[in-house]
Every structure is written in C-alpha cells, then in structure tokens.
Amino acid sequence: MEEHIIYLTTIRKQIIDELEQHSLKQLLYIPVGYKNNLFWNAAHVLATQQLIHYYLTDSRMLVDTHFIQNYKKGTVGNTEVTEDDVKELKEMLESTPMQLFKDYRAEKLSFYRSYNTSFGVNLTSIEEAILYNNIHEAMHLGYMLSMKKNIPF
C-alpha cells in the first residue's frame with residue numbers, strides 16, 4: 001500500500017506545480033462552462049482525502065472543519081481566497097501524504113466506516129480508500145489541466 005501513497009505524492013507535486021504556475025487571479029477564475037476554479041480543485045482533493053482517509057476511520061483530520069465545509073463534494077469555487085490561503089494549501093498538499101504514510105504504517109487507520117462514493121464505488125477499508133483517492137485526485141488534476149486552457153489571461 002505504501003507505493004500507492006508514493007503515487008499520491010507524485011500527483012500532489014503536479015497539483016502544487018499548477019498552483020505555482022498561476023497568479024491568484026488565474027487560480028480563482030471560473031471559466032465559462034465550469035462551476036469551480038483551479039484553487040477549488042486543489043482544495044477539494046485535500047478535503048476529500050481527509051474525509052475518506054481520516055473522517056471515515058474516526059481519526060482526527062489534519063485540516064479544520066471549516067476548510068472541509070468549503071471544499072467538500074457539492075461545493076463550488078469561490079473567489080474569497082488570499083495568497084496566504086494558496087501558500088497554506090500548497091503546504092498541506094505536500095505534507096499530508098507523508099502523514100498518511102506514517103498513520104497507515106502505525107495502523108491508526110485500521111477501523112473503516114463503509115462509504116459509497118459518487119463513482120458508485122463502495123469503500124470498505126483504508127486500502128480501498130487509498131487506491132480510490134489516487135483516482136479521484138488524478139481526475140481533478142486532469143480537470144485542472146483542461147481548465148487552465150480556458151483561462152484568458
């Protein structure tokens with residue numbers, strides 16, 4: 001399972017790279033036909049990862065509930081984000097895979113509350129959640145790569 005957490009780190013590096021390549025204005029721009037922005041996609045993957053890896057294992061999440069409420073499934077991109085928010089997001093995107101690795105190795109995430117994803121996948125263990133999360137994050141990275149082609153400035 002550890003190698004899949006390493007894959008997560010690779011996906012996260014690409015997401016962070018996208019955040020670093022764009023100005024705050026570009027990160028917050030919502031292209032026509034979309035309901036969110038580059039920043040939202042990056043924040044959403046962190047919120048989802050925390051929910052399916054920590055919340056569903058009854059473990060303390062590494063981000064606060066306000067962050068989760070703003071970026072969980074069903075939310076939309078907003079423009080009330082600062083440079084400090086971007087910096088903090090990049091730091092969390094970078095640090096949370098290593099913490100997941102440590103927590104998984106220490107068997108802190110062994111209890112798992114079953115969850116049916118919007119893809120129709122029923123997650124019943126942390127191992128399934130780790131595999132699913134990589135698919136979810138790669139999909140949102142793809143959204144970001146597509147979306148940035150529609151940013152006019």
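Colleague: By about how much of a helix are Phe-67 and Tyr-71 separated in helix α4?
Modeller: This is a predicted model, where local features need pLDDT of at least 70 and side-chain atom pairs count only at pLDDT 80 or more, while totals for chains, interfaces and linings use all residues. Residues are numbered from 1 along each chain as its sequence is written, and side-chain values use heavy atoms, without hydrogens and water. Helix α4 covers residues 65–71 (helices are DSSP runs of H or I, at least four residues; strands are runs of E, at least two; both are numbered from the N terminus). Because Phe-67 and Tyr-71 are four residues apart there, what separates them is about one helical turn.

Colleague: Are Phe-67 and Tyr-71 buried or exposed?
Modeller: Phe-67 has a relative accessible area of 16%, and Tyr-71 has 8%. Buried means under 20%, exposed over 50% and partly exposed in between, with a 1.4 Å probe and protein chains only, so Phe-67 and Tyr-71 both count as buried.

Colleague: How is the pair of rings of Phe-67 and Tyr-71 arranged?
Modeller: The whole structure holds three aromatic pairs (rings of Phe, Tyr and the six-membered ring of Trp, centres within 6.5 Å; planes under 30 degrees apart are stacked, over 60 edge-to-face, the rest tilted). The ring centres of Phe-67 and Tyr-71 are 4.9 Å apart. Their planes stand at 45°, so the pair is tilted.

Colleague: Which residue joins Phe-67 and Tyr-71 in a cluster?
Modeller: Ring pairs do the linking here. Alongside Phe-67 and Tyr-71, the cluster includes Phe-39.

Colleague: Which residues does His-136 touch, leaving aside those up to four places away in sequence?
Modeller: His-136 sits in helix α6, residues 126–147. Its relative accessibility is 6%, so it counts as buried. With contact meaning heavy atoms within 4.5 Å, His-136 touches His-44, Val-45 and Thr-48.

Colleague: How do helices α1 and α5 run relative to each other?
Modeller: Helix α1 spans residues 2–20 and helix α5 residues 83–105, with their axes 9 Å apart. Axes are lines fitted to C-alpha atoms, for helices over the stretch in contact, and angles run from 0 to 180 degrees between N-to-C directions. The packing angle is about 175°; under 35 degrees is roughly parallel, over 145 roughly antiparallel, 65 to 115 roughly perpendicular and the rest oblique. Therefore α1 and α5 are roughly antiparallel.
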